[in-house]
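Q: Got a minute to go through this one with me? I'd like to start with the fold and then see what comes up.

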Amino acid sequence: MDSFTPLTAALGGSLIGLATAVLWLGNGRIAGISGIFGQMLPPAQTVVWRLVFVIAMVSATFVAARLLPGIGMGGDVPAALVEAPAAWGIPTPVWLAIAGLLTGIGTKIGNGCTSGHGVCGLARLSRRSLVAVLVFFGVAMLTVAVTGIV
Amino acid sequence: MANLKLPYLATAALSGALFGAGLYVSQMVDARKVLRFLDVTAIPSGGWDPSLAFVIVPAIVIMFLAVQLSRQQQAPLFDVEFHEPEYAHIDRRLIGGAALFGIGWGMAGICPGPALSLIAFVPDGLWIFLVAMLIGSYAGSLIVPSGHAKRLADAR
């Protein structure tokens, strides 16, 4: 099918793996984005490197879209996040606010997201991360099935 | 402080740049593509998009090799120690947090990495999501005990 893109997925995934490897071997830090994001809030002693990381990440996403028009999204940039499923009768901004709140609170109390638990935690063979990954992938798949958002 | 020196910050910048490029090239910044992966109900009809499995597997393999390499080192290149997460216990907080995150991810199709990377394009609805994520993260920090030692004790 058209939307199956294993090559660019593996290329992008390799870049993400290199990113986590560089931060680990260079600075001994886990490249978990929810952690980096959450610790940019006060109280935080070491905000500077996290700010540098996020600025570089956003800039590279911007540049990649222009330099690599034939790869990934083909130079397209997403114009909007998802629409709330009509059947639920919830306005899209409210839907997105709920999703954002749950993502923020869940990754904070669960200590990680797709990068911290999914990539770094599994690579470290952490049992905690394996449990977290199984739970959030499972619940996300269930949520998609129940909401009918696709 | 080690973490304000140039090599340390340059490493953070290189890592962030690789991460951001990877999120674009892999199409993780496309919420609809992420949702088509999470939509396993489409498997019987052949409409499922398994691409994202091809993102996470090479990422894990590369990081696994880096972790193995680090086991033979005393310290990373630009800091005095590897900051290995110390929590070991699988508790209700871990499972509850992961479940809440799973609901949010399934509703919007973006996790924290893509959410931040999308600042590059500012799609409609992004600021609502990001501000809500920030508020949620702050609310979560009020639930978990403050202070490293207390959090560590709590997670044991």
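A: Sure. From the N terminus on, chain B runs α-α-α-α-α-α-α. Keep in mind that this is a predicted model.

Q: How many helices and strands does chain B have, then?
A: Chain B has seven helices and zero strands.

Q: What box do the C-alpha atoms of chain B fill?
A: Roughly 50 × 35 × 30 Å, taken along the principal axes.

Q: And what percentage of chain B is buried?
A: Of the 156 residues in chain B, 51% are buried. As for contacts in chain B with a separation of 6 or more, 51% are between residues 24 or more positions apart.

Q: Now the other chain. How many residues does each of chain A and chain B bring to the contact?
A: Chain B gives 112 residues and chain A gives 108 residues.

Q: And what area is buried between them?
A: About 9,900 Å² is buried between chain B and chain A, and carbon and sulfur atoms give 78% of that. On the chain B side, Phe19(B), Tyr24(B) and Met107(B) supply 8% of the area buried against chain A, more than any other three residues.

Q: Why quote an area for the size of an interface?
A: It is a common way to put it: the size of an interface is often given as the accessible area lost when the parts come together.

Q: How many salt bridges cross the interface of chain B and chain A?
A: The rule finds two salt bridges there. In one of them, the side chains of Glu84(B) and Arg124(A) meet with an N to O distance of 2.9 Å.

Q: What about polar contacts across the interface?
A: There are 21 residue pairs in polar contact between chain B and chain A, counting pairs with both residues at pLDDT 80 or more.

Q: Which elements of chain B give two or more residues to the side that touches chain A?
A: They are α1 (6-25), α2 (31-38), α3 (53-70), α4 (92-108), α5 (112-117) and α6 (126-143) of chain B. The largest share, 17 residues, comes from α1(B).

Q: How do the residues on that side of chain B divide into nonpolar, polar and charged?
A: The side of chain B that touches chain A has 73 nonpolar, 26 polar and 13 charged residues.

Q: Switching to cysteines. How many disulfides over all chains?
A: The count comes to zero.

Q: Why is Cys120(A) without a bond to another cysteine?
A: The closest cysteine sulfur to that of Cys120(A) is in Cys113(A), 9.1 Å away, which is too far for a bond. Cys120(A) is also buried, with a relative accessible area of 0%.

Q: And Cys111(B), why no bond there?
A: Its closest cysteine sulfur is again in Cys113(A), at 6.1 Å, so the gap is too far for a bond. Cys111(B) counts as buried, at 3% relative accessibility.

Q: One more residue: where is Leu126(B) found, and is it buried or exposed?
A: Leu126(B) is in helix α6 of chain B and is buried, with a relative accessible area of 0%. Leaving aside neighbours within four places in sequence, Leu126(B) is in contact with Leu81(A), Ala115(B), Leu118(B) and Ile119(B).

Q: Last one. Where does Ile90(A) sit?
A: Ile90(A) is in the loop between α3 (47-67) and α4 (92-109) of chain A. Ile90(A) is partly exposed, with a relative accessible area of 28%. Not counting residues up to four places away in sequence, Ile90(A) touches Ala84(A) and Trp95(A).

Notes
Residues numbered from 1 in each chain as written. Chains lettered and ligands numbered in written order. Predicted model: local features only at pLDDT ≥ 70, side-chain atom pairs only at ≥ 80, totals over all residues. Heavy atoms only, no water. Disulfide = S-S within 2.5 Å. Buried < 20%, exposed > 50% of the residue type's maximum accessible area, 1.4 Å probe, protein only. Contact = heavy atoms within 4.5 Å. Buried area = accessible area lost by both parts, 1.4 Å probe. Salt bridge = Lys/Arg side-chain N within 4 Å of Asp/Glu carboxyl O. Polar contact = N/O pair within 3.5 Å; in protein donor to acceptor, adjacent residues only side chain to side chain. Helix = DSSP H or I, 4+ residues; strand = E, 2+ residues; numbered from the N terminus. Nonpolar A, V, L, I, M, F, W, Y, C, P; charged D, E, K, R; others polar.
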